Amino acid sequence: MKKLLGAVAVAGIMLVTGSVLYAAEKGAKKEPAKEEGGATLKKGDRKELIKFDKGEIIANGASGDNSKSFTSSLSKEHAAKGKMYCGKVVMLKDGESCSIITHDGALLKGKRGDWKEYDCLVIKYFLDGDKPLSASAIIADQESFGQNWENWKYSSYVSRNLIFQPGENTMSIDLSSLVSNGGRALDLGNMRTFGIGKAKGEEYTIYFQELYVEKE
């Protein structure tokens with residue numbers, strides 16, 4: 001009987017000890033990511049960078065010198081499921097670059113420029129025609145510009161080679177991989193620009209259905 005009571009006591013001590021260790025381990029787990037304002041982010045949560053259904057236009061529409069390189073407008077054609085509009089961009093034959101999101105357009109100022117709690121930049125698009133678009137992309141944060149553009153040089157921003165395939169597709173860019181050409185990790189809390197360029201001589205029409213950052 002004494003042996004039985006001793007065994008029960010030992011088992012009780014082990015159970016309590018195990019419970020305490022489990023509770024400590026559980027409490028030590030990493031807190032879920034929180035968006036500005038305190039809301040906890042879950043897998044699949046996203047932040048729209050351009051709200052086409054609210055009338056926002058890629059690069060605020062092409063004007064001035066930009067109009068020689070591309071045109072930008074809202075379109076109902078090829079809009080994403082459940083959306084009314086998407087952003088239509090015609091990259092002109094003699095043009096080279098297209099600013100998808102510009103720092104001076106205010107789209108990436110404030111909360112929309114804060115990507116630090118997200119994992120990837122997602123681009124949903126429809127490319128007209130049957131030929132892929134090989135594009136050189138630039139992704140930049142506030143430090144890439146500095147004051148009066150003095151930091152805007154090759155080493156301060158991220159360069160990427162992207163290939164947009166014909167038809168409807170989704171492209172995802174890992175935010176943790178955004179390291180400038182000079183080796184500096186971009187400040188994901190102060191993002192400012194995403195743009196693409198192409199070689200002269202070809203014209204492409206691409207419909208940007210959705211642009212957002214997402215929690216994986």
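Let's start with Cys120. Cys120 is buried, at a relative accessible area of 3%. Keep in mind that we are looking at a predicted model. A second cysteine to look at is Cys86. Cys86 is buried too, and its relative accessible area is 0%.

How many disulfides does the model have? The count is zero. As a reminder, a disulfide is a covalent bond between the sulfur atoms of two cysteines. The test used here asks for cysteine sulfur atoms within 2.5 Å. By that rule, zero pairs are counted.

Now step back to the whole chain. The protein has two helices and ten strands. In sequence order, the pattern reads α-β-β-β-β-β-β-α-β-β-β-β. Of the 216 residues, 39% are buried. The accessible surface is about 12,300 Å². Carbon and sulfur atoms account for 52% of that surface.

Next, contacts. Take those between residues at least 6 apart in sequence. Among them, 76% join residues at least 24 apart.

Here is one residue to look at in that light: Ile58. Where does Ile58 sit? Find the loop between β1, residues 46-48, and β2, residues 70-75. Ile58 is in that loop. Is Ile58 buried or exposed? It is buried, with a relative accessible area of 0%.

What does Ile58 touch, leaving aside neighbours within four places in sequence? The list is Ile50, Phe52, Ser72, Gly87, Val89, Ser99, Ile100 and Phe208. Now look at Lys88. Lys88 is 30 residues from Ile58 along the chain. The C-alpha atoms of Ile58 and Lys88 are separated by 8.0 Å.

On to a sheet. Strands of a sheet pair through backbone hydrogen bonds, either parallel or antiparallel. This one is an open sheet of four strands, and the pairing is antiparallel. The order is β4-β9-β6-β7. Which strands stand at the edges? They are β4, residues 97-101, and β7, residues 158-164. Each has a single partner strand, so one side of each lacks a neighbour in the sheet. On average, neighbouring strands here are turned by 30° against each other, with direction ignored.

Zoom in on one pair of strands. Strand β6 covers residues 133-141. It pairs with β7 in the antiparallel sense, over seven bridges. To find one bridge on screen, pick Ile139. Its bridge partner in β7 is Val158.

Now the charged side chains. Side chains of opposite charge can pair when their charged atoms come close. How many salt bridges does the structure hold? Eleven. I'll show three.

Pair one is Lys83 with Glu48. Their side chains meet at 3.3 Å, N to O. Lys83 lies in the loop between β2 and β3, and Glu48 lies in strand β1, so the pair ties together parts that are 35 residues apart in sequence. Lys83 is partly exposed, at 30% relative accessible area. Glu48 is partly exposed as well, at 28%.

Pair two is Lys215 with Asp119. The closest N and O atoms are 3.8 Å apart. Lys215 lies in the segment after β10, residues 204-214, and Asp119 lies in the loop between β4 and β5, so this pair ties together parts that are 96 residues apart in sequence. Lys215 has 19% relative accessibility. Buried means under 20%, so Lys215 counts as buried. Asp119 is partly exposed, at 24%.

Pair three is Lys124 with Glu210. The distance is 3.9 Å, N to O. Lys124 is in strand β5 and Glu210 is in strand β10. The two are 86 residues apart, and the pair links distant parts of the chain. Lys124 is partly exposed, at 24% relative accessibility. Glu210 counts as buried, at 11%.

Which residues join Lys124 and Glu210 in one network? They are Arg46 and Glu214, through salt bridges that share partners.

Last stop: His78. His78 lies in the loop between β2 and β3. Its phi is near 65°. That is a positive value in a residue other than glycine. And the side of burial? His78 is partly exposed, with a relative accessible area of 24%.

Terms used
Residues numbered from 1 in each chain as written. Predicted model: local features only at pLDDT ≥ 70, side-chain atom pairs only at ≥ 80, totals over all residues. Heavy atoms only, no water. Pairing = 2+ DSSP bridges. Axes fitted to C-alpha atoms, helices over the stretch in contact; angles between N-to-C directions. Buried < 20%, exposed > 50% of the residue type's maximum accessible area, 1.4 Å probe, protein only. Contact = heavy atoms within 4.5 Å. Areas by Shrake-Rupley, 256 points an atom, 1.4 Å probe, with all protein chains shown as cover. Salt bridge = Lys/Arg side-chain N within 4 Å of Asp/Glu carboxyl O.
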